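Here's a set of exercises to work through with a structure viewer open. Try each task yourself before reading its solution.

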Amino acid sequence: MPKSKALLPLIALPLLISNFTILLAKPAASQHSLGLMVVSEIFRRHHWRVYSDSQSTPEALERTLAGEWVDVLGISVAYEQHIPAVAQSVIVSRRHSVNK
């Protein structure tokens with residue numbers, strides 16, 4: 001094992017396993033995409049399957065999560081006024097996700 005990986009804290013070890021999937025999203029009205037691109041690249045470098053939804057309506061998340069198992073759903077919020085839409089997306093995601 002390379003020395004750098006040997007020094008990783010135990011909490012980071014799951015990032016080294018390649019069979020995890022993450023779905024990253026942001027509110028459709030948000031222009032905040034740089035953070036999602038950075039996070040996507042970090043997870044890809046650690047061999048995760050990364051799905052990114054740049055225009056995340058509750059309906060789009062519902063369709064994706066109804067047909068695809070994901071280990072992590074990450075929703076980026078840049079503005080306080082987007083919180084109600086994100087809260088609705090979480091409710092819809094839980095209701096329709098195959099992760100039950």
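The exercises below go from the overall layout to single residues, and the model they use is a predicted one.

**Exercise 1. Layout of the chain**

Task: work out how many helices and strands the chain has and in what order they come.

Solution:
- Step 1: count the elements, and you get four helices and three strands.
- Step 2: walk from the N terminus, and the order reads α-β-α-β-α-β-α.
- Step 3: look at the contacts between residues at least 6 apart in sequence; 75% of them join residues at least 24 apart.
- Step 4: check the cover. Of the 100 residues in the chain, 28% are buried.
- Step 5: add the surface, which comes to about 6700 Å² of accessible area, with 61% of it belonging to carbon and sulfur atoms.

**Exercise 2. Strand E1 and its partner**

Task: find out how E1 pairs with strand E3, and say how many residues of E1 are buried.

Solution:
- Step 1: locate E1 at residues 21–27 and E3 at residues 72–75.
- Step 2: compare the strand directions. E1 and E3 run parallel, and four bridges link them.
- Step 3: pick out a facing pair: leucine 23 sits opposite leucine 73 of E3.
- Step 4: go through E1 for burial, and seven of its seven residues turn out buried.
- Step 5: zoom in on threonine 21, which belongs to E1. Its relative accessible area is 0%, so threonine 21 counts as buried, the limit being under 20%.
- Step 6: list what threonine 21 touches beyond four places in sequence: Trp48, Arg49, Tyr51, Trp69, Val70, Asp71 and Val72.

**Exercise 3. Two nonpolar cores**

Task: which residues form the largest nonpolar core, and which elements each supply at least two of them?

Solution:
- Step 1: gather the members of the largest core, six in number: Ile22, Leu24, Leu36, Phe43, Trp48 and Val50.
- Step 2: assign them to elements. E1 and H2 each give this core at least two residues.
- Step 3: look for another cluster. There's a second, separate core of five residues, among them Leu23, Leu61, Leu65 and Val70.

**Exercise 4. Charge and grease on helix H2**

Task: find the salt bridge in the structure, then find the nonpolar patch that includes valine 38 of helix H2.

Solution:
- Step 1: recall the principle that side chains of opposite charge can pair when their charged atoms come close.
- Step 2: search the whole structure, and one salt bridge comes up.
- Step 3: name the partners. Glutamate 41 bridges to arginine 45, with 2.9 Å between the closest N and O atoms.
- Step 4: place them. Both glutamate 41 and arginine 45 are in H2, four residues apart, or about one turn of the helix.
- Step 5: sort them by exposure. Glutamate 41 is partly exposed because its relative accessibility is 34%, while arginine 45, at 63%, is exposed.
- Step 6: turn to the patch. Leu34, Met37, Val38 and Ile42 make up a nonpolar surface patch, together showing about 390 Å² of accessible area.
- Step 7: check one member. Valine 38 lies in H2, which spans residues 34–45, and with 45% relative accessible area valine 38 is partly exposed.

**Exercise 5. Loops on either side of H2**

Task: which residue in the loop between H2 and strand E2 has a positive phi although it is not a glycine? Then find how far serine 33 is from serine 76 in space.

Solution:
- Step 1: go to the loop between H2 and E2 (49–56), where you'll find histidine 47.
- Step 2: read its backbone angle. Histidine 47 has a phi of about 70°, and it isn't a glycine.
- Step 3: move to the loop between E1 and H2, home of serine 33. Serine 33 is partly exposed, at 33% relative accessibility.
- Step 4: take the C-alpha distance from serine 33 to serine 76: 8.4 Å in space, for 43 residues in sequence.

**Exercise 6. Two residues of helix H4**

Task: decide whether alanine 85 and serine 89 are buried or partly exposed.

Solution:
- Step 1: place both in H4 (residues 83–96).
- Step 2: take alanine 85. Its relative accessibility is 41%, so alanine 85 is partly exposed.
- Step 3: take serine 89. At 6% relative accessibility, serine 89 is buried.
- Step 4: see what serine 89 contacts beyond four places in sequence: Pro58, Leu61 and Ile75.
- Step 5: finish with a distance. Alanine 85 and alanine 28 are 57 residues apart in sequence, yet their C-alpha atoms are 9.2 Å apart.

Methods: Residues are numbered from 1 along each chain as its sequence is written. This is a predicted model: local features need pLDDT of at least 70, side-chain atom pairs count only at pLDDT 80 or more; totals for chains, interfaces and linings use all residues. Side-chain values use heavy atoms; hydrogens and water are left out. Buried means under 20% relative accessible area, exposed over 50%, partly exposed in between (1.4 Å probe, protein chains only). Two strands pair if DSSP finds at least two bridges between them. Contact means heavy atoms within 4.5 Å. Patches are made of residues with over 30% relative accessible area and no salt bridge: like charges are joined within 9 Å, nonpolar side chains (Val, Leu, Ile, Met, Phe, Trp, Tyr) within 5 Å. Accessible areas come from the Shrake-Rupley method with a 1.4 Å probe; for residues, only the protein chains shown count as cover. A salt bridge is a side-chain nitrogen of Lys or Arg within 4 Å of a carboxyl oxygen of Asp or Glu. A nonpolar core is a set of buried Ala, Val, Leu, Ile, Met, Phe, Trp, Tyr and Cys residues joined through side-chain atoms within 4.5 Å.
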